[in-house]
Every structure is written in structure tokens, then in C-alpha cells.
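This report describes selected features of a structure, taking helix packing, charged pairs and the surface in turn.

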Amino acid sequence: MRVPRLVRSLYLRWLRRRLPAAPRQVLSHRNIFILPSKSGALFLGMTAVLFLLGTNYQNNLVLALAFLLFSLFNTSILMAFRNLAGLTLASGQAHHRHAGEPIPFDLSVSSARPLFQLHLKYEDGPLRRINRVLAQETQVQLLHPSERRGVLKPGRIRIESRYPLGLCRVWSHLDLAQSALVWPAAEPGPVLSQHSEQHVGSEPARSREGLDDFQGLARWQPGQSRARIAWKQWAQSGQLQVKQFVAPQGAPTHVTLHPGSPIELALSAVAAELTRLHHQGVPFALALGAQRFAPEHGSAHLKRCLDGLARYRSSD
Amino acid sequence: MLVSRAAQGCLLLSQIAIILPLSPTATPWTLAILLLCLLWRVGIFYGRVTRPPKLLVNSLGIAATLTLFSIATQMDMMQALTNLLILAYGLKTIETRNTGDLTVVILTGYFLIGLHLLDSFTPLMAVQMVLLVALNTTPLLISYRPEAPKALALETAKLMVFSLPLTLLLFLLVPRMAPIWQLQNPQIARTGLSDSLALGQIAQLTRSDELVMRASFDGAIPAPEQRYWRALILNDFDGQRWRASRLAEAEPEPLSPPYRPYQLILEPSHQRWLPTLKHSDSQDPALQPLPGGRLGWRTPPATRTSVALLQAQAAPTPRPLSETVRQQALQLPAQGDPASRRWATQLRQQYDDPTARIAAILQRFRQAPFRYTLQPPKLGPDQIDSFLFDTQAGFCSHYASALVFVARQAGIPARLVTGYQGGELGPRGDFLSIYQYNAHAWSEVWLEGQGWVRIDPTAAVAPERVEQGAQAALAQQEGFMADARLPWLQFRNSPWLWQLRGWMAQVDYQWSRWVMGFDEQRQARLWDRWMGGFDLLKAGALLGGAIFVLALLQALSSGLLKLPKTAPLAVRRYRKILRKLEAIGAGPKPGEAPLGHLRRLQVTQPQLAARFAPICHHFLSLRYDPQCDKRQQMLAMQRAIKRLRRYINRLHSTIPASARGSFPAPPAP
């Protein structure tokens, strides 16, 4: 159903005032909405027809049936409300992903009373069903599509339920003040990268802990593997020492944006290059305008750099 | 959302339970198509078949349409509608995939439950209705809340129990309305009296124990020999059958008080006439007078209906018989039954007085060879002759026809009356139940100066039939109550079960009085008793109020609303004085504890703090020291509050009016 834009924006503004964003929220009568569903409207229509039938035949049992069904509808409204009231939602960790990938947002849901058949969904995201919510906190991941890099605010989560009979739709729109960084999409392209090959001769090669080459001995400390203890040296000196090995490490690569290409394309190319370097195990450094990321390796470093790319000259 | 297996199984159960009671209304073709659909569904349930092929669905649809066409002309609207819905119910079932389809099937189910209620009215039906609604609701519930059967049953029961109070409220308070459009009378074949009578016919009715009506009286219940419920007057005789003809009667004789009020609760007969006592009248707008001193419906009701009637205790003074009526009451077929005619002519010559002639006929019936039986031998072509002079065995309609025939031939205006005689007393003796086996035929003859007088020849032959009722008189006869739904007659020897039947009648009677018969008038009487008269404003207010109270209770139970907890006295007093402090700008900061507040005031406003300190200390010991003397502390706190209040007021009055509301901060030290 298309809602006119004006109505929609008015509704959203009203929602902002009524249900302000907060990382942890409990559903109550303040933030739960109820309307009959299509089935519910059909149900009420049928009850009305039964009422007319009973009136016309002057048959009290048929009237009683109509009243019973109406009361059932009323009860179902109450139970539908109870099925959302008391639901506690707390925002969890946000995961950062490349643009174009769905961004997962963690939430934890819990409720003192068991709740059934909840549907959670961001406006543009896919539906996530939860069959049962219990007192124990449960982690749920909700996806939100990402289009461009930058800070993504997924906006309001729609929490909906049609329990117990599908006759009414109870829902709430909550903003859990979540946000995630969307990294530029990794698309290979022109990058300015500089290998520090010229220093190879003058500077000793960098190395990291590894298994390939023997580097030397160090004092043994409790907790270290006994397989590496240098027994020969112990027999000589009476001191426990461990053998240390290193893996040789390539020289760091310095990566910068390609000034010639459009900024978003250049960022995407850098993201692709950094990911490639990371997979090859080559340490890299990144220069983004005034910001510098010192040469380093590892996932955390890659993440830091990608975060930098995501924030680079981003409007928010 | 797809329909789960549990929901499918539950739906199958509820469908069978809903269709079973409706099966008599459905045509064999309807049932066959439905059965096929349900079988397919069972196949899907057990994983033997998948979705039905298009060909099957289409051919079933075509078959359903043909069935509907073939029955549409033969049935009344309601019956055709029932068949249509049953067909839709079945066809929709085989293609139920998601919750939307399921909801449509279930809504149809609710409607079918309603259709079944249209022609059954017993209290058991109400129980059946609630159970069926619960069963029909379960597939919906289970598709949102998959649970084990026991837990599920509990949840459904909870849903129903929460719904019943509002149902009751609506039942009592929603104003009853008159029918919105006129309904055609469905011509349903039912056992009952008809407007033509062959000699052997009433015996068929004695096979049935179907209820005709229940009667209650203001005052004593009439004696058995007074319980003649007149329904039809049959005037035309063609030698084989008696028929009702248009009675040419002038206006009815006016009835005069005293009256005895009585009430009837009638099962729907779909006929215009209703059985009433003689000399009855009614103020009920649904009734109209019929010729022959009878009452009839303006529109025959389709449901159990109660009416209030009056019976004049004294017979009205008869008017002279008009010539056309006399002709009608003397009419006989041109020929046939020569022996009876001869006997009648003989009687006419023998006795001058019509009363004596009647007495002579009855005297003959009382004599030996005549006997009363529900299984009379077959009669010859001249029926009256054959009965009077040959077989001499029969039941009420034989005797009554013979009497009317002979009386007419003997020159006495006479007519055949059919209706019911007798009735069984309820166990508390407050009402009579009249069943089909109470059907009876008797005669009325016109006697100069007395008007129409009831003559029951059966009473002459088998007085116990009239005095003890059909039960006692006929129970030994073969065929009596043979078509009864329960073999009650076998229970006769067990007084318990017989009593049980009586109590069931009692429950049914109260049910129809208070539930089925809860109509505009009864509702109005309820209003009169409780609210002193009905008006729309009051009704609206009461209904609104009642619903509000119910909603409040429901809101409390669902946690939507919480009753405010009253704080202890000390807290209330403390809060009050804090408000006073706030008014002069010396209130606590958000989240500031009492002692912190006090300490801050001691720095900023030592004068004020000196008076606030005792309040604060008393308050804290009242709240947190379980050993303190509560009473004394409370009194001390109240005294301290008074002092502070006086101090603030004094302070306040010395400040110029313009500065009021904000206490001037003391100069910084």
C-alpha cells in the first residue's frame, strides 16, 4: 500500500517525538499500535452478517453466536496487545560491511512473559521471524541493505505480531539508535601504491613471529611450550631457554587514493587493494588526505583502514 | 505463512465436527463432493498426495456448480445457501496453503455453525455451539502458537473463558430488533398436523416424540379433560378425507372476563395455525383471530417463539348459526356409506332432542365390540360403514369422523377438530409439555342455546386416553413413540430415567423461557425491573458503562493499566513539603537524596536548613529504622513540618509581590 509522502513524513515526525531513539526499549501501551487486520475486518463483517441473520430469524442462539464471536475478537485484541507488551529490545553490536552487502545489526530480545510469532524488520530489510521470545535474552540479527559507504543509520525497526488469531495487527516502530559503518565496495581500480623495495638493502627485513627461520633464544617462561625448550643449551648452561622462530615479512606497501579518478571509485579501488594486500599477508600503510595509517598487518588494521575509508569526507 | 501440519490436522477435525450436524440439510451430491475434498486433505495430511491437480479442482468446481443449479429450484433460500457454503467449505479446503486461506475456511466454518443453529434450539445446542467455536478457533491459534495438544486446549479454553463475560453482557443489553426483511417460509416437511385428514392418519403422529409446545399457566393447570388444544377445523368430507375449507363465519363471539392468562412456547411448525385452548384470545401482535374461535400466526415463525394468551373462563353467549355456516356444518358427500346414513335417519326419527341423538351415538361406541387401537384393520371403500359395522376398531380420527358423519346425517351441525389433547406435567408441575404423540381428533356439534359443544367420542371408548394422557393409554400399543429419538419407552420401568426425561424437559422449558424467548418484551421487562423503564439514552449509557467496566478489568488483567500504589503517609507528607520548598526555589535537584539536599541547604540557606533538618531526620528514621517509635516520629515530623511551613509563609509575605515565586538566593559569602 502506498502512503502519500506528506502523510508518511508527518507520521515519522510524530513518531520521532512520541518514540525517541534509545538503545534499550521496553514495549508498553505507549509504543504499541493495534488495528484489525484484513482477516479481522472479514471476521467482523461475518459477525455482522450473523447478527442480521439472528435478528431476522429472531433466533437468540444465532445472536449469541454473533456476540460470542465479537467477544472473541475483543479478547484477541487484548491478547495481541499482551503479545508485544513487555518485549525488551536492546541494540547490540553493529557489524561493518562493504557497500552493497546487507549489514547485520545485532539485537537482543527478551520478555518476562513468553511471546509468540514476532516479525522484525527494517523498512527496507528482509523479514526476520521469531517464533518464541522467552525471559532469557536471545540474540537476533537483522539485516539492512546498504547502498553507499558512510555511516548507516538503519532507522526504525518494525516489530509486528498477529498472535493469537491473526485478527489484529499489533505493531511498534522503534528506533534503537543503531548505526554501522559501510565500507566502500571493493572494486579493483587504479590505486597509487608504493612498495618500499628500495629500503631492502639498507634496512633489515621486517619479520613477524612464525615458524620459518630460527631467530635466537629467549628465557623460558612458565606456560611456554616445552617442545621448544633448547635442551642442549640447558645441558650446557643449566638455564632453560626457548628457541624462537620468525617468518620473513615483505616490505610494507604504502597505498593512497588515485587522484585522477572520481573519489568514490578511488575509495572502492583502495578498499579492494587493501583487502588484496591483507589476504597476501603484506603489511600496508594508508594515507587518506591528512589522515595516516602506519604500516601494519592483521584484520584489525584492515578494519581500521576500511573504517577510515568509510568515514573519509563523508557528510555525516 | 504456510499452514503447519498441526493446524491442518486440527482443521480437519473441526470441519468434520461442523459438517456432521448439518448433514441432513445437505444434498447427497454436496456431501459427496465435500467428502472427496476432505479425503484429499487427509491424503495431504498423511503425505500420500500433494496439491490437487488442476483437473480435479476444476471438475469439482463444475460438479459443485451443477449441484447448486439442480437444487436451487427445489429448495428454499436458506437451504440452498447452506449447500453453497458447504461446497465452498470443501473446495477451499483442498487448496489451503497459507494462513489467509485458512482464515477464509475458518470464517466459513463459523457461519456454518450459525446456520445449524437456525433450526435447533435446545440448551445442548448452546453447549455444542461454544465447543464448535472453540474447536474451529484452534487451527488459527495453533498456527501462531505451536503447542502440545493439552497446552493448546488450555489456551483455547482461556480464550473462550475470557470472551464469555462480554458475550453475556451483549446478550442481555444489546437491544433486540424486529426482523429487517420478511422471510419466505421454508416448506420443510415436518411431522405434525396437516389441513387434511384421512381416517387412519393421526396414528402416524403417535410414533413421534417431537415437542410441539410447552404451556404454562397463571394459576392452576387445567385438569386433563380440559386440555384440548384446538388447531384445525376440518369441514369438508368427500368420503375418504376430511379437509379444511374456508369457514364462512361472521365475526367471532365476544369473550368476557374473567380471563386466565397462559403462555405457550411453540416449536416452529411453519404453519399458520397454532394449538390453543377454547375461548382463547391474545394481545400479541404476531397473532390474529381465525374463524372457528381459533388463533393463527400472521407470519409463521421460523424459530421457537413464545406467546401470551388469555382464556375466557365462561363460554360466550352463542349467536344464532348463520345459514351458510349451517350448510357447511351439514355438508356430506352425495353418496356412499348407506348403512351409516340409514342408522342416522333412524336416530333422527327415534329422538327429537339432538342431545339425545348424540348420546345414543356415544352409547353405541361404549358398547362392547368397539375398541381403541393404533393398529386398526384395513377399511373397505365405504369407510364410515366399514368402521361402524364391520371392523369396529380404530382410534380418535375414526371415532370422530364417524360421529360427525352420523350427526350431520341426523341433522345436527357438526365439525371435525384436530389438535392436541393432554400434555405432560413438568417435574415441578409448573408447565405442560405437548408432544406430537398428543395429537388428537374430536368433534364439535352445534346445540341450540349452547353453541358449539365439544364431543370427544374417544373419551367414550377409551376414557383413559383423555384422563391419563397418551403416555399411559397408548404405551402398550405397538408403534407408539416408535420413531422417538431416544428409546424412552424402554426406560418406563426405570423411574430414574423417566424422571431424568422430566428434568430434561424442565431445563429445556426454562431455557426456552429465558434464553430462546429473550425477546424485546422480556428485555423491556428486565429494563423495567432494573432500571425503571427503557430508553435509548439509558440503554446506551448502561451498555457503555458495562463495557467500560469490563474493559477496565481487562486492562488491569493485561497490564495495560496499573492501579496507583498509595505511598506511605511519611512519604506523602515529605513530598508535600518538598513541593513547598520547590515553590521557593529550594527544592532538591534531580536525583538528590534527602541528606544531600539538606547538606546543600545548610550551605546555601542555613536558616531554612535548620528548620528542614528535623523533618529530614524524622523522615529517614521513619523510612529506614524499623526499631523507631513510628507514632512519635510521625507526630514529631508533622510538628516540624508545621514550623517550616510557618517560617516559609512568614518569609514569603515579607518579600515584595514582584519577587514572589522565586526565593532570592542569599549573598555569596
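## Helix packing in chain B

In this predicted model, helix H1(B) passes helix H4(B) in a left-handed crossing. Two packed helices are described by the angle between their axes and the distance between the axes. For H1, residues 5-22 of chain B, and H4, residues 77-94 of chain B, that angle is about 160 degrees, and the axes lie 12 Å apart. Because angles over 145 degrees count as roughly antiparallel, H1(B) and H4(B) are roughly antiparallel to each other.

## Salt bridges in chain A

Side chains of opposite charge can pair when their charged atoms come close. Over all chains, the count comes to 15 salt bridges.

One of the pairs joins A:Arg8 to A:Glu123, with the closest N and O atoms 2.4 Å apart. A:Arg8 lies in helix H1 (residues 5-18) of chain A, whereas A:Glu123 lies in the loop between strand S6 (115-122) and strand S7 (128-133) of that chain, so the salt bridge ties together parts that are 115 residues apart in sequence. A:Arg8 is partly exposed, its relative accessible area being 29%. Elsewhere in chain A, salt bridges link A:Arg158, A:Glu160, A:Arg162 and A:Arg169 in a network.

## Salt bridges in chain B

In chain B, the side chains of B:Arg230 and B:Glu444 form a salt bridge with an N to O distance of 2.8 Å. Since B:Arg230 belongs to strand S3 (residues 228-234) and B:Glu444 to strand S16 (residues 439-447), both of chain B, the pair ties together parts that are 214 residues apart in sequence. Both B:Arg230 and B:Glu444 are buried.

A further salt bridge is made by the side chains of B:Glu147 and B:Arg145, at 2.5 Å from N to O. The two residues fall on either side of the 20% relative accessible area under which a residue counts as buried: B:Arg145, with a value of 11%, is buried, while B:Glu147, with a value of 22%, is partly exposed.

## A nonpolar patch on the surface

On the surface of chain B, the residues B:Phe548, B:Val549, B:Leu552, B:Leu553 and B:Leu556 make a nonpolar patch of about 450 Å². One of these residues, B:Leu556, is found in helix H19, which covers residues 536-558 of chain B. With a relative accessible area of 32%, B:Leu556 is partly exposed, and this value meets the requirement that residues of a patch have over 30% relative accessible area.

Methods:
Residues numbered from 1 in each chain as written. Chains lettered and ligands numbered in written order. Predicted model: local features only at pLDDT ≥ 70, side-chain atom pairs only at ≥ 80, totals over all residues. Heavy atoms only, no water. Patch = residues over 30% accessible without salt bridge, like charges linked within 9 Å, V, L, I, M, F, W, Y side chains within 5 Å. Areas by Shrake-Rupley, 256 points an atom, 1.4 Å probe, with all protein chains shown as cover. Salt bridge = Lys/Arg side-chain N within 4 Å of Asp/Glu carboxyl O. Helix = DSSP H or I, 4+ residues; strand = E, 2+ residues; numbered from the N terminus. Buried < 20%, exposed > 50% of the residue type's maximum accessible area, 1.4 Å probe, protein only. Axes fitted to C-alpha atoms, helices over the stretch in contact; angles between N-to-C directions. Parallel < 35°, antiparallel > 145°, perpendicular 65-115°, else oblique. Left-handed = near helix turned anticlockwise from the far one by under 90°.
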